[in-house]
Amino acid sequence: MFVTKKLFSVFIILTCFLIAPSQSQYRNCYYFKWTINFYDGVQDSPIDVHVKSKDDDLGHHTITYDHGWPFGFCEQFFERTLFWGHFTLGSQFVSFNVFDKEIAKIIGRNISANNMVHWLLKQDGYYLSPEFKPYDDPAWMFRGHWQ
Ligand SMILES: *[C@@H]1O[C@H](CO)[C@@H](O)[C@H](O)[C@H]1NC(C)=O
C-alpha cells in the first residue's frame, strides 16, 4: 500500500511537469521566469517590434518614446529557449536574438525573481541592460547597429 501511494505521488509530480505552461504563457514557472522589455529611445519615431520563437509568433507591437512593450515567459529546461525580434524604425531595420542563453548569462538568473531584460532602441543601434535606466544613461550596453 505504501509503495502504491509513493508511485502515485511520483505519477502526479510527473504529470505536473508534462502539463507545464508553454514558454509564452506568463504565470508561475517551474524554471526561470523572465520579462523582456522594449523601449523606443527615438522621440517622435515609433518602432515596430515583431518577436517570434520556434513555437510562437507574438505579432507586431508599436513602441514609442513614452510607451514600451513587455512580454513574459517561462524559460524551458536545458537552456533551449530562444526568442528573436525584428525591428523597424522608418526605413531602417534590424533583427537580433532578444532572449537566448548568452543574454540570460549576461543578465544573470535568479530562481526566486521575475528576471528582467531591457532592450533600448536608439538612433545608432540597440542596447541591453539588466535594469531599467534613463535612455541617456551610459550603463546601457551597446549590442549592434541598425542594418
Ligand atoms: C533573487 O530574487 C529575490 C526576490 O526578488 C531577492 O530577494 C534576492 O536577493 C535575489 N537574489 C540575488 C542573488 O540577486
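**Note on the predicted model: two sheets and a shared core**

1. A hairpin joins E2 to E3 through 3 residues. Strand E2 covers residues 47–53 and strand E3 residues 57–63, and the two pair in the antiparallel sense over 5 bridges. Pairing here requires that DSSP find at least two bridges between two strands. Within this hairpin, Lys52 has Asp57 of E3 as its bridge partner.

2. On the basis of the numbers: the model is predicted, so local features need pLDDT of at least 70 and side-chain atom pairs count only at pLDDT 80 or more, while totals for chains, interfaces and linings use all residues. Residues are numbered from 1 along each chain as its sequence is written.

3. The overall inventory is 2 helices and 9 strands. Both element types are DSSP runs numbered from the N terminus: helices are H or I with at least four residues, strands are E with at least two. Read from the N terminus, the order of elements is α-β-β-β-β-β-β-α-β-β-β.

4. Of the 147 residues of the protein, 22% count as buried. The term buried means that 20 or more other C-beta atoms lie within 10 Å of the residue's own; exposed means 12 or fewer, partly exposed lies in between, and C-beta atoms are placed from the backbone. Among contacts between residues at least 6 apart in sequence, 55% join residues at least 24 apart. A contact is a pair of residues whose C-beta atoms, placed from the backbone, lie within 7 Å.

5. One open sheet has 4 strands in the order E3-E2-E5-E6, with antiparallel pairing. E3 and E6 are the edge strands, each pairing on one side only. From one strand to the next the twist averages 20°. Axes for such angles are lines fitted to C-alpha atoms, for helices over the stretch in contact, and angles run from 0 to 180 degrees between N-to-C directions.

6. Inside that sheet, E2 runs antiparallel to strand E5 (residues 83–89), and 6 bridges join them. Val49 is bridged to Phe87 in E5, and Ser53 is bridged to Phe83 in E5.

7. The other open sheet to note has 5 strands in the order E4-E1-E7-E8-E9, and its pairing is mixed. E4 and strand E9 (141–144) stand at the edges; each has a single partner strand, so one side of each is left without a neighbour in the sheet. The twist in this sheet averages 25° from one strand to the next.

8. The parallel part of the mixed sheet includes strand E1 (residues 33–40) and strand E7 (residues 114–122), joined by 8 bridges. Asn37 stands opposite His118 in E7. E7 also pairs with strand E8 (residues 125–129), in the antiparallel sense and over 5 bridges. These two form a hairpin with 2 residues between them. Across it, Leu121 has Tyr126 of E8 as bridge partner, and Trp119 stands opposite Leu128 in E8.

9. The largest nonpolar core has 23 residues, and those with the most contacts inside it are Ile36, Phe99, Trp119 and Leu120. At least two residues of this core come from each of E1, E2, strand E4 (69–74), E5, strand E6 (92–99), E7 and E8. A nonpolar core is defined as a set of buried Ala, Val, Leu, Ile, Met, Phe, Trp, Tyr and Cys residues joined through C-beta atoms within 7 Å. Ile36, neighbours within four places in sequence aside, is in contact with Pro70, Phe71, Phe83, Val98, Phe99, Val117 and Trp119.

10. Trp84 lies in strand E5. Trp84 counts as partly exposed because it has 15 C-beta neighbours inside 10 Å. Not counting residues up to four places away in sequence, Trp84 touches Lys52, Ser95, Phe96, Asn97 and Val98. Trp84 and Ser95 are 11 residues apart along the chain, with their C-alpha atoms separated by 7.2 Å.

11. Gly144 belongs to strand E9. With 13 other C-beta atoms within 10 Å, Gly144 is partly exposed. Residues up to four places away in sequence not counted, Gly144 touches Val94, Phe96, Gly125 and Tyr126. Gly144 and Phe96 are 48 residues apart in sequence and 8.8 Å apart in space, C-alpha to C-alpha.

Note on methods. Contact = placed C-beta atoms within 7 Å.
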